[in-house]
Amino acid sequence: MNEEREELSGEYVAELRGAIEAAAAGEADWESFHVRLNAAVASTLAELREGLSTGAAWWDHAARAGMAAVPLGLAAALLLFVLSRNTGSYPSTRAGITVAASSTDSAREAFESALTGQSARRTVIAALLPAPAAAFLGDSSGGRAR
Amino acid sequence: MPQADESDAELVARVQRGDRDAFDWLARRYAKRAFAVANRLLQNGADAEDVVQDAFIAAVNAIDSFDSSRPFGPWFMRIVLNKGLTALRSRAAESKHLRSSELVENDAHAISTESLRDRAEIRERFRDAMQLLPQRQQLIVQLADVEGFTSAEIAGQLGIPSGTVRWLLHQARETLRGALAPLRRMDS
């Protein structure tokens, strides 16, 4: 431990330690002492064990997250499958948009076609874009036409 | 279940995980030596027991932050010493219990070789020689030679000059070596 002890023989230290312990052995009821001591530190040791298990709980969290990810992944895969199927019938969807756009702006188109004669171009734009954008473009195209 | 020959570091690592058996082993390993320190300070067995119990509780409370690569013994004995000195100060009886005394004359040198054939008897003689030392010397020789404190550390803890510690330690070692002299003669 330190340079002052280097000169001491192991035998001397062992005898000294033995003598100290032997003298102390008869001065207290050591079994009762250890029972009391173990009871006194039981809650602290339990907290240490609990802290250890809390510290390892990230495993539990990860496992639970993994378990939840499986059904979510299946649901996402199913959704993608359905969407990809719908992508295959894309022309019919676009036709629906065209119909909607046409029906929304039918009054305006009728008015503009009567004034400018550009109804054919307007119909093509409306077929490619959603209805609100088509309405906006309709305004500008009408302005340019004027 | 810990083994008797398990090192302090292994037991401490188990205690850090909340192992009750490891704590019990560690406590049994150090309780009597801790009691000896506390009892020499306080001169009262019941108070010394309380100090040792408080020291173990404090050690367990701090065990989480204890670096298990360092030796447990000196760390724990510092806690015992601090608790003992605090108890001593709170009783305001330091002058009564830690008075300076002259080295008691002893008959350790007169122990006959024939009476030391049994090792248990050797230990008993050695213990008797230890008892002949004044309390302050008993405390200093235990802290220095068993627990591994330096003279400067002991001086700092007990609030006495380092030179005084070295002198008292020298006196105590001379007495105890005298008690072991017959054993050395037997071995040679």
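Helix 1 (residues 10–25) of chain A and helix 2 (residues 20–42) of chain B have axes that come within 8 Å and cross at roughly 80 degrees. An angle of 65 to 115 degrees counts as roughly perpendicular, so that is what this pair is: helix 1 of chain A sits roughly perpendicular to helix 2 of chain B. Keep in mind that this is a predicted model, with an ipTM of 0.74 and a pTM of 0.60.

**The helix crossing**

- On the chain A side, the residues of helix 1 that take part are Ile20(A), Glu21(A), Ala23(A), Ala24(A) and Ala25(A).
- Their partners in helix 2 of chain B are Lys32(B), Arg33(B), Phe35(B) and Ala36(B).
- Sorted by class, this helix-to-helix contact comes out at six nonpolar and three charged residues, with no polar ones.

**The wider contact between the chains**

- Chain B puts 37 residues into the contact, and chain A puts in 34.
- On chain B, at least two residues each come from helix 2, helix 3 (45–62), helix 6 (119–132), helix 7 (135–146) and helix 9 (162–187).
- Helix 2 of chain B is the top contributor to the side that touches chain A, giving 11 residues.
- That side of chain B is a mix by class: 15 nonpolar, 10 polar and 12 charged residues.

**How much to trust, chain by chain**

- Chain B has a mean pLDDT of 81, and 79% of its residues reach 70 or more.
- The weak patch there is residues 96–116 of chain B, where pLDDT is below 50, although the stretch has 35 contacts in the model beyond near neighbours in sequence.
- Chain A averages a pLDDT of 69, with 47% of the residues scoring at least 70.
- Residues 92–101 of chain A have pLDDT below 50, and eight contacts in the model beyond near neighbours in sequence.
- Residues 140–146 of chain A also have pLDDT below 50, with four such contacts.
- Where pLDDT is low, the predicted coordinates shouldn't be read in detail.

**Overall make-up**

- Chain B has nine helices and zero strands, so its elements simply read α-α-α-α-α-α-α-α-α from the N terminus on, going by how helices and strands are assigned.
- Chain A has seven helices and zero strands, and its pattern along the sequence is α-α-α-α-α-α-α.
- Of the 188 residues of chain B, 39% count as buried.
- For chain A, 10% of its 146 residues count as buried.
- In chain B, 66% of the contacts between residues at least 6 apart in sequence join residues at least 24 apart.
- In chain A, residues 24 or more positions apart account for 56% of the contacts with a separation of 6 or more.

**The nonpolar core**

- The largest nonpolar core holds 57 residues, and the ones touching the most other members are Leu26(B), Ala34(B), Val37(B), Ala38(B), Val52(B), Val80(B) and Ile140(B).
- Helix 2 of chain B supplies the largest share of this core, at 14 residues.
- As general background, nonpolar side chains tend to be buried together in soluble globular proteins.
- Leaving out residues up to four places away in sequence, Ala34(B) touches Val52(B), Ala55(B), Met77(B) and Val80(B).

**Two residues worth a click**

- Val165(B) is in helix 9 of chain B.
- It takes 20 or more neighbours for a residue to be buried, and Val165(B) counts as buried because it has 24 C-beta neighbours inside 10 Å.
- Beyond residues up to four places away in sequence, Val165(B) touches Ile140(B), Ser151(B), Ile154(B), Ala155(B) and Ile160(B).
- Val165(B) and Glu153(B) are 12 residues apart in sequence, and their C-alpha atoms are 9.7 Å apart in space.
- Gln43(B) is in the loop between helix 2 and helix 3 of chain B.
- Gln43(B) isn't a glycine, yet it has a positive phi of about 55 degrees.
- Gln43(B) counts as partly exposed because it has 15 C-beta neighbours inside 10 Å.

Conventions
Residues are numbered from 1 along each chain as its sequence is written. Chains are lettered from A and ligands numbered from 1 in the order in which they are written. Axes are lines fitted to C-alpha atoms, for helices over the stretch in contact, and angles run from 0 to 180 degrees between N-to-C directions. Helices (H or I, at least four residues) and strands (E, at least two) are DSSP runs, numbered from the N terminus. Angles under 35 degrees count as roughly parallel, over 145 as roughly antiparallel, 65 to 115 as roughly perpendicular and the rest as oblique. Two residues are in contact if their C-beta atoms, placed from the backbone, lie within 7 Å. Ala, Val, Leu, Ile, Met, Phe, Trp, Tyr, Cys and Pro count as nonpolar, Asp, Glu, Lys and Arg as charged, and the others, Gly among them, as polar. pLDDT is the predictor's confidence in each residue, from 0 to 100. A nonpolar core is a set of buried Ala, Val, Leu, Ile, Met, Phe, Trp, Tyr and Cys residues joined through C-beta atoms within 7 Å. A residue is buried if 20 or more other C-beta atoms lie within 10 Å of its own, exposed if 12 or fewer, and partly exposed in between; C-beta atoms are placed from the backbone.
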